[in-house]
Amino acid sequence: MLLGIMSLINEAHPTGQRKRCSNRSTTHLSRACRVTRPKFGPRPCGASISAVQKRVAFLNSNSNYLGYKSFRGPLGPHSGEVMVALWMVVASAFFALMGACIKLASAKVGFFDIIFYRSFINVAIVAALIRVKHIGFRTQHLGLHMKRAAIGNAAMYCGFYSLIHLPIATATTLGYTNPIFQSVIAFVTTKGQLTGKLLFSVLLGFVGILILLRPDVPHGEFAATLVGLFSGLLTALAYFNVGKLVRTGEPELRVVFYFSLVGTLVGLVMATIVGFAALDAATLLCVCAIGVFGSLGQITMTRAYGSGNPVIVSILSYSTIIFSTLLGYLIFAEALSSLAAVGMALIILSGALAMLRRAPAKTAAKTASV
């Protein structure tokens, strides 16, 4: 950017003096320059130094529009990439906190109560954002929305069930098997070529899954592990359907709105049938935190995917597992065995390889995640 400023000044003052225009009077000089100068061209004769400063500010504030790789601000030439990474790390922390709140709340409230509060708070926040952005709620693809919402909510139910019955780190890792399943789905639906990298990443992931499904775990945890694994598969299918919706021109916020609306209605009906649990102040704060942390995670993740390299952002999303491991240890005294840690590491590596293989793919589905 400094070189750009110097080149502008040199063009305007090639010999250190103000450049004079021929065939124009001083009286009409600035007006003519304002009319004829190109939008992004060099500073015309007669323009003040403040014009250069304004243009530099415009280039900084519109770096994405003008094709710059990153914002070159006071933190250095890579500060934009750092901010994108921070957005995703913050989103991962929010998702981990949501998981911890789900596990805490499950001791006092029912499963469908948690589903209702999580979806209701999210649908309220997303509805407010839709109104602010003037997107509108009407859609011409209601069938696709219902299909995506059904699969996405089923994935959420399975994920919440595994969070309640498994250590947080294990349940979170199983939920992040979705890139492995996405690779398989993409291979089947596009009839692509089975490359060595694809085969290696998928096999590596399933080895990690088999380690987590070791036969020495209690029967209840084994069943919850299978449910958590099914959550990863359903999440991959949900992303596939989100991609269909976004390609039809549906805004991501509208996709999230219908997903949360269906979750709210299902949670309300089921919790009414089973009976809502009484909430004390601490439990009410906990269930509200589930919805708030989930919504904040979704918003910050959308910000990261909207302004950064999708592959890097996707890989950074695995930091949720790190935060979940720390929260599990600090809050619930959950210590991972070395074998479980190896299985989790293999799943993370497999997911990262799968995302690198799909680097050119569009990432709209990620911004409207379950």
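This is a walk through the model, one selection at a time.

**Before you click**

You're looking at a predicted model, where local features need pLDDT of at least 70 and side-chain atom pairs count only at pLDDT 80 or more, while totals for chains, interfaces and linings use all residues. Residues are numbered from 1 along each chain as its sequence is written, and side-chain values use heavy atoms, with hydrogens and water left out.

**Stop 1: colour by confidence**

Colour by pLDDT, the predictor's confidence in each residue from 0 to 100. The average for the protein is 76, and 71% of the residues score at least 70. Now select residues 1-77: pLDDT is below 50 there, and the stretch has 58 contacts in the model beyond near neighbours in sequence. A contact here means heavy atoms within 4.5 Å. Then pick residues 360-368, where pLDDT also stays under 50. That stretch has 22 contacts beyond four places in sequence.

**Stop 2: the whole chain**

Switch to cartoon view. The protein has 16 helices and 0 strands. Both are DSSP runs numbered from the N terminus: helices are H or I with at least four residues, strands E with at least two. Of the 370 residues, 44% count as buried, meaning under 20% relative accessible area; exposed is over 50% and partly exposed lies in between (1.4 Å probe, protein chains only). Taking contacts with a separation of 6 or more, 84% join residues 24 or more positions apart.

**Stop 3: helix α5 and Tyr 117**

Select residues 111-133, which form helix α5. Its 23 residues reach 33 Å from first C-alpha to last, close to the 33 Å expected at 1.5 Å a residue. The expected span is 1.5 Å times one less than the number of residues.

Within α5, show the side chain of Tyr 117. Is Tyr 117 buried or exposed? Tyr 117 is buried, with a relative accessible area of 17%. Not counting residues up to four places away in sequence, Tyr 117 touches Phe 276, Leu 279, Val 287 and Gly 291. Add Ile 290 to the selection too: its C-alpha is 7.6 Å from that of Tyr 117, although the two are 173 residues apart along the chain.

**Stop 4: just past α5**

Step on to His 134, right after α5. His 134 sits in the loop between α5 and α6 (142-165). Check the backbone torsion: phi is near 55 degrees, a positive value in a residue other than glycine. Most residues other than glycine have a negative phi. His 134 is exposed, with 71% relative accessible area.

**Stop 5: a cysteine pair**

Select Cys 101 and Cys 286. Why is there no bond from Cys 101? Its sulfur is 4.6 Å from the closest cysteine sulfur, in Cys 286, and that is too far. A disulfide calls for a pair of cysteine sulfur atoms within 2.5 Å, and by that rule the count comes to 0 disulfides. Both residues are tucked under the burial cut-off: Cys 101 counts as buried at 11% relative accessibility, and Cys 286 does so at 12%.

**Stop 6: helix α9**

Jump to residues 196-212, helix α9. The 17 residues should span 24 Å, and the end C-alpha atoms are 25 Å apart, which agrees. Buried residues of α9 include Leu 198, Val 202, Gly 205, Gly 208, Ile 209 and Leu 212.

**Stop 7: helix α14 and a cavity**

Next comes α14, whose 14 residues reach 19 Å from first C-alpha to last, close to the 20 Å expected. Ser 319, Thr 320, Ile 321, Ser 324, Leu 327 and Gly 328 are buried in α14.

Now turn on cavities. On a 1 Å grid over the protein atoms alone, a cavity is a set of points where a 1.4 Å probe fits but cannot get out, and lining residues have an atom within 4 Å of a point. Grid points are joined across faces, edges and corners, and a volume is the space filled by probe spheres set on the points. The whole structure has 4 cavities of 30 Å³ or more, and the second largest has a volume of about 50 Å³. Which element gives the largest share of the lining of that second largest cavity? α14 does, with 4 residues. Among the lining residues to select are Pro 167, Ile 168, Ser 324, Tyr 329 and Leu 336.

**Last stop: Ala 333**

α14 is followed by Ala 333, whose phi is positive, near 55 degrees. Ala 333 lies in the loop between α14 and α15 (338-357). With a relative accessible area of 64%, Ala 333 is exposed.

Methods
1 Å grid on protein atoms, 1.4 Å probe; cavity = no way out; pocket = protein on both sides within 12 Å on 5 of 7 lines; lining within 4 Å.
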